[in-house]
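Reader: I should like to go through the reasoning behind the labels given to this structure. Please set each value against its cut-off before you conclude.

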Amino acid sequence: MSSHDLHLEGAPFLKEQNAGLYEPAGSKSLGEATERSSKQNRAIAAEIPSWQDWRESARQIKQFAIANLDKLLVQFEERISARGATVLWAENAEQANRLVLDIAREHHVKTVVKGKSMVSEEMELNHTFEAAGIRAVETDLGEYIVQLAHQRPTHIVTPALHLSAEDVGKIFAERLGEPFSADHQHLTNVARRHLREEYLKADMGMSGVNFAVADTGTLVVVENEGNGGLSTSTPPIHVALMGIEKVLPSIYYLPVFLNLLGRSGTGQKLTTYTHLIHGATPGKKLYVIILDNGRTNVLADPATHAALHCIRCGACLNACPVYRRVGGWAYGWVYPGPIGSIVTPGLVGLKSAGKLPFASSLCGACQEVCPIKIDIPHQLVHLRHRAVNEPSPMNSLSERLTWKAWAWAMSGSKRYRLAMAAVRLGVRMAKFLPWHPGKLGAWTRGRELPRVPGPAFRKSWSRHRSQLDSHDRSDRT
Amino acid sequence: MITPANPTAPRQDDPPYQKGDPVALFIPCYIDQFYPGVGEATARLLTRHGVPVVFPEQQTCCGQPAFNSGYWEEARRVIHHFCDTFGDHRWIVSPSGSCTAMCRVFFGHVDPDRRVVGVGRRVFELTEFLVEILGVTDTGATFPHKTTLHIGCHTRRELGVVEPTLKLLQNVRGLTYCELPNMEECCGFGGTFSVKLAGTSLAMGQTKAENILASGADVVVSPDTSCLMHIDGILQRNPEMKHIRTKHIAEVLDAGVQ
């Protein structure tokens, strides 16, 4: 595939140097909400004896699907096209935007209502619409709030997680001219009133796709607010956006994923609405745009294949102690959190996203909750290895030389003793230094250094050895 | 509690541990240099239970710092040195869950060579070795303090070693166990993460320190000295938390034994 990541309009966000990763600036609402979700997540999973079996099944099904993408996507296209849908293929975001725009122009679309779609975020579709003079309205409540506030989503499932009810009340007052309120029900009613009119006016509806089922040619869209159903069925045209990885071999496997997705995403047994769309409604148009946009780059690296198994439930974001503190924007692009640190380098390239795999303490909480058992921490270290060897902001000659010197010192016991003597001296002297440079300063910024003890373990080993033996003998008597 | 995703099993397909089989100690670099007491307690514990202990003096490091930083070529050199040092030993025991995980789980990522993977899978974390290999659950220790437990993430999730530590602590005389709120959450150390993203690491460490304070414990014990180095550094900075001491589990299991 060509190097289309340069055309990605979203990628420049990464140039903001991911500042929040270094100095956490996540909101309090986000920290609390994610912690709550994650606990609920674990509690629900613990109640289900077959949870681990479901995860393993899902992993194997996805593994099969990704290994057979070429056949399954074509099968999906054939089956859904036979029922009146038009399937279009896009290699990158630019092509996908053009396809959407062509459809909109052909049908003289002025207003679009949009159900939730991360692919649409990836494409920066709203910018495209705006530039073309088409009004696009996000209908997922979180997306709607974020759109009104001219922000980007901070979470892939709950886009406005960083905002409190007060914040939302202020946004509604400012942008919609509504009287201020922080009452949840009241705010929901306000959004509902405004959005209802939009559905009736809209010339085109859009949605994402949670699963594309190959054997039946079915689009599966799950949601909780009814907005997905209204966006896909009210206007005369429905355009569905999906990444190539969304395909499932058979509808027979769908229940496993619905069970896992609802519970992992929002702690529900099942989402409130599950739409199975088998083709175009008579008299209406259905378009399905299947997007690559760098996904085949992920496929090209066998060690990161499994990142394409992701069903975008957001459980790893909620579980991640780093995400909880830095929030979604710090990751610089559309997909934040642990899975984002794998997906983003895959989609936009390590050259711009090479820092992301380092934004993790490798604690593994993400993998533990992942419903598809994606080996996230192992993929992160793999991408770190690639990032220091390939063109990326982490590829640094000075750091390479430092590690080479370290490896030399650590592969001989004499050299080790010498190097360690220097480290001990450094730690001893540190308290006399007026300021601490580099990594030392990073440590002592909020932490004391360890006290340097007497002789190292190995130095006193022979002495202790004899004591140990006598201790041992006295014990046995 | 969710069971660990896929802990890598230690090598037990060989003849089981026979009384009198020697054990090679792997004392990781930072324990060797900054916490020699942990190494000594480990050696005493094993010796007391009839295990002949040897210390291969050529040993240095498991290679984890370079591995986690992406420098696998450099890590490989150190791992090969590790394998040369420990290659002849059937039983290798280390008082560090994190370094054990490096050997057992990650050696194969750096070098899939059978010998390298084989040596890595012969490394056991101390509490795991005591409980699962020796069958010891009471070390005869007395430690009359309010104590809470932090299990490092590599120990918990890569090795899946949680039960042995709990079992051993339960039988320590005089010990009052204080439940640590959100105990499964990472302390924020993460090796070079602690200095690469120091702000985030400290924010995580601060939460851990606050939870330790809230547990009411006077001592935090852990099978991972690396986490403790970070946690202790934060506790010592805070006047309200300064009184809380950090101890490796080997030191607690070795305390007050007659």
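Reader: How many residue pairs in polar contact does the rule find across the interface of chain A and chain B?

Author: In this predicted model, the rule finds 34 residue pairs in polar contact across the interface of chain A and chain B, both residues being at pLDDT 80 or more. Helix H23 of chain A, residues 457-476, supplies the largest share of the side of chain A that touches chain B, namely 11 residues.

Reader: What makes the meeting of Arg157(B) and Glu368(A) a salt bridge?

Author: The side chains come to 3.1 Å, N to O, and the rule asks for a Lys or Arg side-chain nitrogen within 4 Å of a carboxyl oxygen of Asp or Glu, so the pair of Arg157(B) and Glu368(A) qualifies. Across this interface the rule finds 10 salt bridges.

Reader: Why is the pair of Phe67(B) and Trp72(B) called stacked?

Author: The ring centres are 4.8 Å apart, with 25° between the planes; because centres within 6.5 Å make a pair and planes under 30 degrees apart count as stacked, the label follows.

Reader: Why, then, is the pair of Phe67(B) and Phe106(B) called tilted?

Author: Here the centres lie 5.1 Å apart and the planes make 40°, which is neither under 30 degrees nor over 60, so the pair counts as tilted. Phe67(B) lies in helix H3 and Phe106(B) in helix H5 of chain B, so the pair ties together parts that are 39 residues apart in sequence.

Reader: How do you know whether Phe106(B) is buried or exposed?

Author: The relative accessibility of Phe106(B) is 4%, and the cut-off for buried is under 20%, so Phe106(B) counts as buried.

Technical notes: Residues are numbered from 1 along each chain as its sequence is written. Chains are lettered from A and ligands numbered from 1 in the order in which they are written. This is a predicted model: local features need pLDDT of at least 70, side-chain atom pairs count only at pLDDT 80 or more; totals for chains, interfaces and linings use all residues. Side-chain values use heavy atoms; hydrogens and water are left out. A polar contact is a pair of N or O atoms within 3.5 Å; within protein, one must be able to donate a hydrogen and the other to accept it, and residues adjacent in sequence count only if both atoms are side-chain atoms. Helices (H or I, at least four residues) and strands (E, at least two) are DSSP runs, numbered from the N terminus. Rings of Phe, Tyr and Trp (its six-membered ring) pair if their centres lie within 6.5 Å; planes under 30 degrees apart count as stacked, over 60 as edge-to-face and the rest as tilted. Buried means under 20% relative accessible area, exposed over 50%, partly exposed in between (1.4 Å probe, protein chains only).
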